[in-house]
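The following exercises introduce a protein chain to a reader who has not met it before. Each task is followed by a solution that proceeds step by step.

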Amino acid sequence: MLYSVRMRAAQGGAHEQGGTHISGAERIVCREELAAVTAAMQERALTHSRGQADFINIKVEAIAPETVHYLAALRPLTRTAPELGASRALAQAELYQAGVSPAASQAGLKALAELSDSMRGAMLLCAQTGRRLDGRGNRGVRVSRMDISEQDEFTVWLLKQGLSNIHTREALVLATKVAAAEGVVAEVCWSDDPDYTTGYVASKAGYVRLPNIKPLGLPQGGRVFFIAPDSDIAAIISYLEQQPVLVTVPDER
Ligand code: WAQ
Ligand code: MG
């Protein structure tokens, strides 16, 4: 049996009582790893750069191994712009390439830039009009039940590309699951960790890292998933929240 382990932590009370989102994490592990993984999640919530959590929710649920979808990781690429404006322009260009209209990508970047408090989930916007589709308000849609299939092999693969940090590792897993959803055109993200200023645009075509997309010290970040017109929103949300996914190292070409 495998276990989905999900953590969300807030400060000033639980999320549903208006607390500020501090940290979240999603893993899929075997029985032997459970104790260590839940302990590490608690520690992460209590020592986070966004502040010390006073509410931590850790949920453990068994997953039948045969329900897991295996997906090859998106290939990462880095496009470095010298400052925020140029980096966001690159984000817009990448989103356009992926099939997001200029109006929709503008609406998405504006929605992220204007967040006063970080959400614990993502906003779903129409890739054509930029209209919000998920109706989840400040909560957003939290992608869950995903992890790396073979941790050590994945580490080696990332290192070969000069990538080693935990942000990239976790974001690649999430972006790979999201990009594989039927109806998802692209994603844009930057971290809510004040000390992490690299974001990305991801689509079925790949994962483009974008350094300098936010100012250093800013605790606001978020995610926008752009959805093709006429998609089944309930089915997309159900896949994002429920479908177990393990991400594998892509075959060498
Ligand atoms: N599902 C949906 N949205 C999420 C999830 C999730 N599981 N986890 C985080 N978010 C949203 C939420 O609004 C957070 O406030 C926001 O994303 C940022 O989350 O390769 O660290 O975990 O170097 O702070 C990009 C890495 C790192 C780029 C992004 O995001 C690279 C990052 P964070
Ligand atoms: Mg964060």
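Two residues are in contact when they have heavy atoms within 4.5 Å. The model is predicted, so local features need pLDDT of at least 70 and side-chain atom pairs count only at pLDDT 80 or more, while totals for chains, interfaces and linings use all residues. Residues are numbered from 1 along each chain as its sequence is written, chains are lettered from A and ligands numbered from 1 in the order in which they are written, and side-chain values use heavy atoms, with hydrogens and water left out.

**Exercise 1. The chain as a whole**

Determine what share of the contacts with a separation of 6 or more joins residues 24 or more positions apart, and describe the overall build of the protein chain.

Step 1. Of the contacts with a separation of 6 or more, 70% are between residues 24 or more positions apart.

Step 2. Helices (H or I, at least four residues) and strands (E, at least two) are DSSP runs, numbered from the N terminus. The protein chain contains six helices and 12 strands. Its radius of gyration is 17 Å, close to the 18 Å that the globule rule gives for 253 residues, so the chain is as compact as a globular protein of that length. This radius is taken over C-alpha atoms, and the globule rule is 2.2 Å times the number of residues to the power 0.38.

Step 3. Along the principal axes, the C-alpha atoms fill a box of roughly 50 × 45 × 35 Å.

Step 4. A residue is buried under 20% relative accessible area, exposed over 50%, and partly exposed in between (1.4 Å probe, protein chains only). By this criterion, 53% of the 253 residues are buried.

**Exercise 2. The nonpolar cores**

Identify which residues have the most contacts inside the largest nonpolar core, and which elements supply this core.

Step 1. A nonpolar core is a set of buried Ala, Val, Leu, Ile, Met, Phe, Trp, Tyr and Cys residues joined through side-chain atoms within 4.5 Å.

Step 2. The largest such core has 36 residues, and those with the most contacts inside it are L124, F154, Y200, Y207, F225 and L240.

Step 3. At least two residues of this core come from each of β7 (146–148), α4 (151–160), α5 (166–179), β8 (184–190), β9 (199–203), β11 (222–227), α6 (233–242) and β12 (245–248). The helix α5 gives the most, with seven residues.

Step 4. A second, separate core has 23 residues, including L90, L109, V201 and V224.

Step 5. Beyond its neighbours within four places in sequence, Y207 is in contact with residues including L74, P76, T168, A171, Y200 and V201.

**Exercise 3. Two residues with positive phi**

State where R145 and D230 lie, and decide whether each is buried or exposed.

Step 1. R145 is in the loop between β6 (123–126) and β7. Its phi is near 60 degrees, a positive value in a residue other than glycine. R145 counts as buried, because its relative accessibility is 10%.

Step 2. D230 is in the loop between β11 and α6. Phi of D230 is near 65 degrees, again a positive value in a residue other than glycine. With a relative accessibility of 83%, D230 counts as exposed.

**Exercise 4. Surroundings of W190, T168, Q243 and Y239**

For W190, T168, Q243 and Y239, find the element or loop that holds each residue and list contacts beyond four places in sequence.

Step 1. W190 belongs to strand β8 and is buried because its relative accessibility is 2%. Among the residues that W190 touches are R88, L109, L112, G199 and I213.

Step 2. T168 is part of helix α5 and, at 2% relative accessibility, is also buried. Its contacts are L163, Y196, Y207 and R209.

Step 3. Q243 sits in the loop between α6 and β12. Its relative accessible area is 18%, so Q243 is buried. The contacts of Q243 include T67, H69, S144, R145 and K177.

Step 4. Y239 is in helix α6 and is buried, with a relative accessible area of 17%. Y239 is in contact with L71, K177, A180, A181 and V245. Y239 and R145 are 94 residues apart in sequence, and their C-alpha atoms are 9.8 Å apart in space.
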